[in-house]
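Open the model in your viewer and set the representation to cartoon. The tour goes from one selection to the next.

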Amino acid sequence: MQIGLSRRAALGAALLLAAGMSAAVPGAAAAADPAPTTVTVNARAGLATVPDTALGVNDAIWDAELGTTAVSDLLGAAGAQMLRYPGGSYADIYHWRDHTAPGGYVAPNTDFDTFMASVRRINAQPMIIANYGTGTAEEAADWVRYANVTKGYGAKYWTIGNENYGNGHYGSAWEADNHADKSPRAYAEGVVAFAAAMKAVDPTIKIGAVLTTPGNWPDGLVGSGDAGTWNQVVLSVAGPSIDFVDLHWYPGGGTAAESLSKTNQIDDIMYLTRQQIARHAGAGATARIKVSFTELNVGVGLNTQPGALFLADAYSSLLDNGVFTVQWWNVHNGIGTVSTVAGQTDYGDFGLLSSGGCQTGGTVCEPPMNTPFAPYHALSVMKSFIRTGDQLVRAGTADPLVSAHAARRPNGDLAVLLINKDPDNARPVSIQYSGYSPAAGAPTVVSFRNGDSAPSTATGGTAAAQTLAPYSLTLLVLHSSSPAAGAPGAPGQPTTTAVGATTATIAWPAASAGGSPVAKYEVYRQNGTISEQLGETPGTSLQVHNLNPGTRYTVNVITRDTAGRVSWSSPPLTFTTASPATSTCTVRFTDVNDWGNGYVGNIDITNTGPSPINGWTLTFTWPTTWQTVNGSWNGNWTQTGRDVKITNIDTNGALAAGGGATSTGFVGGYNGPNVLPTAFRLNGTVCAVA
């Protein structure tokens, strides 16, 4: 993230923590809603397990409060598990040996040892950014030596550079880069050299490379002389040398409602990221290379309730998808454009805590230094929601203004996080459970409402019914009505050993028995919040049938013992079925020229069957709701919702048997991750995809 130096330099004052907490009663009804929103929680549709690095925050050397006990204690109280240093784009000008950042401001008492003292004070882990832009591999290796050999800090995670695609190679230049060659290949080769030097000092560290987030600039762009996009080139060169990839996400949006809706893109962002890793980073990369999101913030309402709702929804969705750390930008940042959002003063401040500064002329001032903003309180709600070792499970609603997330705890409890994104209206919700039976009685409820000075905790409502205040976070903590004693263990991570167009063979490590022997394993597909059984077996692999070609599937496996007790869900497995190996038609879909939110596309259609075709219709479905056809040629294109239909024009309707071909083109648009379609039908027949 590139933030103005004048704003950063304003953070060098001493401060006091502003107090003042007010209680709110959870579950109390506001304005009546005509009908409850149905929330479905499926405890058997398992997602990722919560790591001990999940909840993260950025620190920066231009923040004089970086090492103070007041700030450390605030971050600890909010549940911060990982702190990132030395701060965004400053990482590529920072030299740790003499604690300097030529061209930037370095606040007093922000050196590496001071940072590590704050990390240790709250029992967190560091994420350190090595200086790629103006530094060297030797400098980074010496930093590893000082941190882990001399000082014994055990700093595990090291990213090479910050937003290095912003070095001017694609036209925009905010990231320092002294290298003559600013291409993705040069950066990737630098990552390889840095990784070798740093791991020679401490082989146990984990090295991360910077990628662009799918659907965000410069994703899709191919620079002059490059063999592919930034991500393709970096992964193909540096993939064997890295342990994780690092993404940033500032989704923007002209309104708070638009910004809050962007969390719907996260599943596809993660799908494309892992697809790129699998295709370009070498054998075994999918299992070996993890994903971090080390900068994140909302577009509107940065330090009021939209920021809080976005933080909770985005952190939860990314952790659902197996990201090992999500880190808010920033602890402190400084006053920006002041506005009123849902009745609250928003200072345009990217920080979790107030910087205590004023606009030029002193017309508007922030609250006293270190006063928590709304996103800080959302982070503390996340601390109550998830704990290390919890398994996130599928939860959701059909209401675009209500989001739901859930986590199953090892002790049998279930935590359900409900987010009302409607600034004006309360939402009564009816909560249905699959694979879990809550105990009777009013649950513990943590609430954070618009304008609250802190979350409040009480008991209220029931496990099946709550009323969500406007613009609020509501967390239910439920106990199970039946103990889990004697249940079998969950199967291990499933994998695919073969994937066809309509079948897939799935295998998994055996589960441990509980109070009774294991009887069988059951394989379920996640269809939204519903689990659909695909089959069962006493063994540890199963071929599932009747799948649709070119379709993404997420499956789980559970264990059932001879007494009928079932395990927790296995981790999820996501795969995409292939196109038919043989068909009477073949389609090639090509992204010819991409500019970041649109592209020129081409579709080649070949009749490989024994009979000629006189008049054709090709159909496919966009994988997401934010993909459009904005223009076309050599065919009659129509789009209805996500469904696209193309018919021939007068000059290309005849396709000869055994190889007759034509092509049609279009201008495609997208405002999120651009997942390309993989299933096409020609006159109703599913085609092979070239």
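Select residues 414-420, which form strand 14 in this predicted model. Seven of the seven residues here are buried, so the strand is largely enclosed by the rest of the structure. Show the side chains and look at each face in turn. On one side are L414, V416, L418 and N420, and on the other A415, L417 and I419; all are buried, so both faces of strand 14 are covered. Buried here means under 20% relative accessible area.

Next, add residues 402-408, which make up strand 13. Strand 13 and strand 14 pair in the antiparallel sense, over seven bridges. To find one end of the pairing, label V402 and N420: N420 in strand 14 is the bridge partner of V402. Then move to the hairpin that joins strand 13 and strand 14, where five residues lie between the strands. Pick G412 in this hairpin and check its backbone torsions; its phi is positive, near 95 degrees.

Keep strand 14 selected and add residues 472-478, which are strand 19. Which way does strand 19 run relative to strand 14, parallel or antiparallel? The two run antiparallel and are joined by seven bridges. N420 serves as a marker again, since S472 in strand 19 stands opposite N420.

Now clear the selection and go to residues 230-238, helix 6. Seven of its nine residues are buried, so helix 6 is largely enclosed by the rest of the structure. Color the buried ones: W230, N231, V233, V234, L235, V237 and A238. What covers these residues? Select helix 5 (184-201), strand 6 (206-210), strand 7 (244-249) and helix 8 (266-280), which are among the elements that cover the buried residues of helix 6.

Finally, zoom out to the protein chain. The chain contains 11 helices and 38 strands. Along its principal axes, the C-alpha trace spans about 80 × 65 × 50 Å. A compact globule of 690 residues would have a radius of gyration near 26 Å, and the chain has 26 Å, which agrees. Of the 690 residues, 55% count as buried.

With a contact map alongside, take the contacts between residues at least 6 apart in sequence: 73% of them join residues at least 24 apart. Switch to a surface view next. About 25,100 Å² is exposed, and carbon and sulfur atoms supply 51% of this area. As a last selection, show the 36 positive and 47 negative charges; their mean positions are 8 Å apart.

How values were computed: Residues are numbered from 1 along each chain as its sequence is written. This is a predicted model: local features need pLDDT of at least 70, side-chain atom pairs count only at pLDDT 80 or more; totals for chains, interfaces and linings use all residues. Side-chain values use heavy atoms; hydrogens and water are left out. Helices (H or I, at least four residues) and strands (E, at least two) are DSSP runs, numbered from the N terminus. The radius of gyration is taken over C-alpha atoms; the globule rule is 2.2 Å times the number of residues to the power 0.38. Buried means under 20% relative accessible area, exposed over 50%, partly exposed in between (1.4 Å probe, protein chains only). Contact means heavy atoms within 4.5 Å. Accessible areas come from the Shrake-Rupley method with a 1.4 Å probe; for residues, only the protein chains shown count as cover. Lys and Arg count as positive and Asp and Glu as negative; His and the chain ends are not counted. The place of a charge is taken as NZ of Lys, CZ of Arg, CG of Asp or CD of Glu. Two strands pair if DSSP finds at least two bridges between them.
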